[in-house]
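Please open the structure in your viewer and keep the selection panel at hand. The tour below goes from one selection to the next and says what can be found at each stop.

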Amino acid sequence: MIKRITLVLAVALSFTACKKDDNKETVLLFSPEQDKQLGAQLKAEIFANPNEYPVLDEAKYPFAYEYIRGLKDSILNTGKIGYKDEFAWEVYIIQDDSVLNAFASPGGYIFFYTGLIKYLDNEDDLMGVMGHEIAHADRRHSVKQMQRQYGISLLLNIVLGKEPGQLSQILAGVAGNTAGLAFSRDAESEADAYSVEYLSQTPYRCDGAKTFFEKLSAAGGSTVPKFLSTHPPAADRVVEIENKAIELGCDTTYYSPSSYQTFKNSLP
Ligand SMILES: [Zn+2]
């Protein structure tokens, strides 16, 4: 009888584990080194498609690149990044003023659209998004989602270059152009919370991630980009970010260095 109860309990527990489809429950079989390999492939795919992803030329815009990579480094140097030394942590700018977006590929390849950089008024706001994207990579949200969606064997084949068609599909999901790889609500909330935590160790306002949503809402909010339009709703995210800042007791006043305008002006 005791055996039977144990068995029933075990089944009940595993059912609960299966039902819980959030990030923390996924056992990741993909290794961090494979994150980096996949990210490098996605980066190559981006650079191979300049019509869709017009990456700003580093040779022509060295100041802009040095500037935005400096912002990235200030977050990497907070001591809060788990894969600081393992991941690539490369930042690129995509030249398209009509896109209010940024995205992170596995292994720390982060892309910012000029549209987003120009839309934001303060460096603190951009740092909020930077923290959010770094968190997606460092917390390995994309690969967790991919492993759930494609399974580990297909994912490994993709890394080995055996599934070239899937690579572009994955990229479209990562870049936020399709609903194919929407992050879970938990992943978005977690990335927001980590952004607050990272920024709490910098001179920037720690809740910088919320100002983007506030500006969008103030403007009517109908043009919320894909990567934000799903869940949680923008208003909920603002509240969650504010609550995290209260929990940490971190500074929410603007740092707002004037050099942000110089950076924006340096873009084409
Ligand atoms: Zn996100």
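Which arrangement do the four donor atoms around the zinc ion make? Before selecting anything, bear in mind that this is a predicted model.

**First stop: the zinc ion**

Select the zinc ion together with H132, H136 and E188, and you will find that the ion is coordinated by NE2 of H132, by NE2 of H136 and by two OE atoms of E188, at 2.1 to 2.8 Å. The four donor atoms subtend angles of 50 to 136 degrees, and the arrangement is therefore irregular, since a tetrahedral one would need all angles to lie between 85 and 135 degrees. Along the sequence, the donor residues follow the spacing H-x3-H-x51-E. Because H136 lies in helix α5 (residues 123-138) and E188 in helix α9 (residues 185-199), the pair ties together parts that are 52 residues apart in sequence. H136 is buried, with a relative accessible area of 3%, and E188 is buried as well, with 4%.

**Second stop: helix α2**

Now select residues 32-47, which form helix α2, whose 16 residues should span 22 Å at 1.5 Å a residue; the C-alpha atoms at its ends are 23 Å apart, which agrees. Within α2, colour D35, L38, G39, L42 and I46, which are buried. These residues cover an arc of only 105 degrees around the axis, which puts them on the same side of α2. To see what covers them, add the surrounding elements, which include β2 (102-105), β3 (109-113), α6 (141-150), α7 (152-159) and α8 (164-174).

**Third stop: S105**

From there, move to S105, which is found in strand β2 and counts as buried, at 0% relative accessibility. Leaving aside neighbours within four places in sequence, S105 is in contact with G39, L42, F111, A137 and V174, and two of the names in that list, G39 and L42, are among the buried residues of α2.

**Last stop: the disulfide**

How many disulfides are there to select? The count comes to one, and it joins C206 to C250, with an S to S distance of 2.1 Å. The link is right-handed, with 75 degrees about the S-S bond. C206 lies in the loop between α9 and α10 (208-218), while C250 lies in the loop between α12 (234-248) and α13 (259-265), so the pair ties together parts that are 44 residues apart in sequence. C206 is buried, with a relative accessible area of 0%, and C250, at 16% relative accessibility, counts as buried too.

Key:
Residues are numbered from 1 along each chain as its sequence is written. This is a predicted model: local features need pLDDT of at least 70, side-chain atom pairs count only at pLDDT 80 or more; totals for chains, interfaces and linings use all residues. Side-chain values use heavy atoms; hydrogens and water are left out. Helices (H or I, at least four residues) and strands (E, at least two) are DSSP runs, numbered from the N terminus. The expected span of a helix is 1.5 Å times one less than its number of residues. Buried means under 20% relative accessible area, exposed over 50%, partly exposed in between (1.4 Å probe, protein chains only). The arc is that of the directions from the helix axis to the C-beta atoms. Contact means heavy atoms within 4.5 Å. Donors are N, O and S atoms within 2.8 Å of the metal (3.2 Å for Na, K and Ca); water is not among the atoms, so sites may look incomplete. Four donors count as tetrahedral if all angles lie between 85 and 135 degrees; four count as square planar and six as octahedral if opposite donors are over 155 degrees apart and all others between 65 and 115; anything else is irregular. A disulfide is a pair of cysteine sulfur atoms within 2.5 Å.
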